[in-house]
Amino acid sequence: MSQIDLSLLNKEQLEPVMQTEGAVLVTAGAGSGKTRLLTYRIAHIVQNLNIPPWNILAITFTNKAAREMKERLSHMLYNHEQLHVSTFHSLCVTILRKYIELTGEYTKSFSIYDESERKKVIKSVAAEICSDKKDNLTEQIDAALSTIKNEGISLDDYRDIHKFEYHIDDIVLAVRKYNEILKKSNALDFDDLLNFAFDILVQYQEAREFYQKRFKYIHVDEFQDTNIIQYKIVKILAGRHKNILVVGDEDQSIYGWRGANIGNIRDFISDFDCKVYKLEQNYRSTKSILNAANAVIKNNESRIKKNLWSDGEEGQEPQIVSNNSDSDEAEFLARTIKGLNNKGMLLNNIAVLMRNNFLSRAPEQKFMFYGIPYKMYGGFRFYERREIKDALAYLKILANPFDTESISRVLSFPKKGIGEASIAKLIDSAFRQGVSPVDIILGLINENSSQTYDLPNSLIKKLQPFAKKIELLVDCKEMSISALIRLVYKTFEFNEALSAETEENESRKENLKELYNSILQIEKNNPALSLDEYVQQIMLYSDLDADKTSDSVTIATIHSAKGLEFDAVFIIGLEEGILPSSRSIDDESAVEEERRLMYVAITRARKRLFLSYVKSRFMYGKYNSAPISRFLKETGIYFHEFSVQKTMAKHSEYADFSSRIRQNSVSSANSNYKFNKIENLIKHSIDIKLLKAGSKVMHKRLGEGKIISINYSTNEADVEFNNMGKVTLSISLAPITIIE
DNA sequence: GTGTTGAGTATTTTT
DNA sequence: TACTCAACAC
């Protein structure tokens with residue numbers, strides 16, 4: 001491959017790209033091309049300076065960002081495979097897999113406990129310490145654990161700092177017990193991954209030198225969102241070559257609640273003798289969008305002033321949209337998006353952004369109703385679904401037979417007549433004898449040995465048939481992962497357990513199938529992947545890879561939309577109590593973080609921006625009214641008090657789906673759509689040529705209907721539904737099939 | 001040990 | 001609304 005052409009970079013971007021030696025801090029405003037800077041710098045170091053890709057480390061904040069960066073680099077470098085581009089958490093898993101056995105306390109097939117497993121352990125610890133008022137204790141233990149692990153302070157120091165607190169001794173004890181349980185289970189939580197990796201780098205010279213020598217050039221993206229322990233890791237990794245570049249933007253720091261420490265930027269300046277560069281030219285948004293963003297963020301007091309500018313077009317003024325209810329808001333979204341789409345904007349270039357997950361409900365329903373394909377980021381995550389966790393638990397106990405949370409799942413699903421108390425006995429017996437719970441279960445196959453485990457006979461009877469199945473599974477451990485998961489479904493009779501004909505069960509079976517398919521996919525891409533690596537990796541991924549092939553609208557929380565950009569962005573729920581969230585409203589620094597969220601949301605937009613609030617929103621089972629978000633006022637955009645109809649009329653791109661959809665039939669579209677995959681819809685959609693007036697069709701939710709007329713230029717048809725009346729549907733999108 | 005019911009409560013945000 | 005948790009019945 002030829003030299004990397006750096007002429008596409010502007011002067012501000014070029015300088016830090018060329019400054020490869022030593023420490024570099026880049027403060028990069030939103031949309032100023034920091035990803036471009038990072039990828040070109042890495043490509044430049046490898047291609048133009050002839051540094052082996054093996055020597056490069058790039059740390060991103062999310063898996064999505066890592067994937068994207070790898071993707072871009074794959075077009076620039078032929079030997080990109082050897083670059084290490086990953087999140088902090090996966091970097092730490094890599095380090096731990098290589099070196100954790102030096103500690104003698106864990107094996108490299110350790111389990112990773114996610115938030116729900118962590119919560120369960122905390123709860124059990126709280127219950128053990130004091131059975132009354134444990135609710136409060138649970139929260140306190142949770143808080144203590146996260147402070148200790150995010151800030152990397154010792155338990156003793158924590159006790160000193162909080163020595164006057166009421167329950168401090170209980171909390172310290174609980175933290176000890178929590179860590180004890182995880183250790184016995186050969187398990188680490190997300191924070192442990194960082195802390196243990198750091199400890200290993202500190203304590204074992206071999207490990208430290210290996211990575212210090214290897215990573216000659218280190219890059220950290222989203223530096224404003226690193227926490228204290230992450231910064232410590234960066235510092236120790238860069239300890240030898242000291243070639244490190246960090247990119248960040250204070251105004252986009254939105255993870256304070258997770259321990260992100262803006263002070264890291266200051267510390268970086270004093271810890272390293274670093275050069276500082278600024279990127280202030282925005283290439284993404286129109287001037288009018290940028291103006292709104294700047295107008296909002298300048299209200300933050302604690303902030304270094306900067307001047308984000310653009311020499312692009314003025315563009316259309318962002319629009320403030322008012323609606324009576326969340327369902328009207330969603331109606332507005334559907335129609336406007338359809339209108340933009342009709343005018344040629346790809347759905348892929350459109351996003352609906354919101355403060356929290358529950359706001360997605362109304363838009364999802366409307367999009368389903370109108371057959372607008374969408375993908376949802378954040379929210380219900382695939383690997384967090386019950387049935388998926390249940391299935392994976394069987395694989396996890398093969399990888400790590402000490403994983404008590406998975407053991408308890410395996411014993412609970414499918415139902416075997418074994419309850420919580422029995423599970424506790426089994427695990428306790430294993431701990432006492434220093435063997436794994438799986439060993440105990442397998443031991444029960446030989447009836448004679450049952451005496452030694454001191455378990456009640458009734459329980460042993462229940463466990464024995466199960467033990468045989470587990471033995472079969474263990475014997476097949478060397479098979480491929482996909483074969484194993486099939487064996488699990490079959491041997492443990494998942495289908496039978498989900499045979500009751502409910503919608504819920506159908507969707508569970510569907511998801512289990514999808515899990516199997518995803519494993520096939522992963523095996524194809526990575527044939528050498530071992531079982532324990534697979535279950536570790538899966539824990540760091542929140543979702544299956546989004547389907548890139550279909551054109552669909554993005555619905556996302558603002559947090560998960562960070563780093564993305566779209567032609568058109570709709571920010572919904574701009575009401576006090578939502579953005580800013582009710583929990584932050586009386587804490588000025590919390591409000592500033594909320595304001596940064598607003599800023600991040602606005603700066604996702606390239607061309608069009610819609611800011612939406614409603615007069616009354618359905619939440620907690622009733623309608624609530626809240627004042628308009630202060631941030632909306634801060635944008636300085638002229639405030640039109642639209643009525644819904646006027647709003648609609650004002651938008652030329654507003655699509656008229658149907659002249660007369662009866663309002664009540666529209667709002668009768670009910671819930672339970674959330675597990676339906678948009679792919680299903682697409683599979684069901686049909687070719688317009690197959691339709692004619694008079695055809696009978698079946699709509700996935702609207703039921704049976706008859707085509708009245710077809711508009712071939714817009715690809716839409718008027719359909720008379722038996723129980724809905726007349727509805728205009730997009731033929732290529734609506735979930736319909738021809739029945740006659 | 002499991003399943004049902006009713007009360008009470010909750011929605012930030014993610015690796 | 002929709003979910004969790006405790007109490008109670010079997």
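**Helix packing and salt bridges**

Trainee: Which elements do the buried residues of α13 pack against?

Mentor: Let's get the words straight: buried means under 20% relative accessible area, exposed over 50% and partly exposed in between (1.4 Å probe, protein chains only). Contact means heavy atoms within 4.5 Å, while helices (H or I, at least four residues) and strands (E, at least two) are DSSP runs, numbered from the N terminus. With that in hand, the buried residues of α13 pack against α26, β14 (605-619) and α27.

Trainee: Before we go on, what kind of model is this?

Mentor: Residues are numbered from 1 along each chain as its sequence is written, chains are lettered from A and ligands numbered from 1 in the order in which they are written, and side-chain values use heavy atoms, without hydrogens or water. Local features need pLDDT of at least 70, side-chain atom pairs count only at pLDDT 80 or more, and totals for chains, interfaces and linings use all residues, because this model is predicted.

Trainee: Back to α13, then: how many of its 11 residues are buried?

Mentor: Among the buried ones are Ser288, Ile289, Leu290 and Ile297. Helix α13 spans residues 287-297 and is largely enclosed by the rest of the structure, because the number buried is eight.

Trainee: At what angle do the axes of α5 and α8 cross?

Mentor: Axes are lines fitted to C-alpha atoms, for helices over the stretch in contact, and angles run from 0 to 180 degrees between N-to-C directions. Helix α5 covers residues 115-129 and helix α8 residues 168-184, and their axes come within 9 Å, crossing at roughly 130°.

Trainee: What do we call that arrangement of α5 and α8?

Mentor: Angles under 35 degrees count as roughly parallel, over 145 as roughly antiparallel, 65 to 115 as roughly perpendicular and the rest as oblique. Their crossing angle is roughly 130°. That makes α5, relative to α8, oblique.

Trainee: How many nonpolar residues are in the contact of α5 with α8?

Mentor: Residues of α5 including Val121, Ile122 and Val125 meet residues of α8 including Leu173, Ala174 and Ile181. Ala, Val, Leu, Ile, Met, Phe, Trp, Tyr, Cys and Pro count as nonpolar, Asp, Glu, Lys and Arg as charged, and the others, Gly among them, as polar. By class, there are four charged residues and one polar, and the nonpolar count is nine.

Trainee: On to salt bridges: how many turn up in the whole structure?

Mentor: A salt bridge is a side-chain nitrogen of Lys or Arg within 4 Å of a carboxyl oxygen of Asp or Glu. For example, Lys11 pairs with Glu15 at 3.9 Å, and they are about one helical turn apart because they lie four residues apart in helix α1. Searching the whole structure gives 38.

Trainee: How far apart in sequence are Lys366 and Glu331?

Mentor: Their side chains form a salt bridge at 3.2 Å, N to O. Lys366 counts as buried at 6% relative accessibility, and so does Glu331, also at 6%. Lys366 is in helix α15 (residues 361-370) and Glu331 in helix α14 (residues 326-342), so the pair ties together parts separated by 35 residues.

Trainee: And Arg595, which residue does it meet in a salt bridge?

Mentor: Arg595 lies in helix α26 (residues 588-602), and its partner is in helix α27 (residues 630-634), 39 residues apart. Both partners are buried. At 2.9 Å, N to O, the side chain of Arg595 meets that of Glu634.
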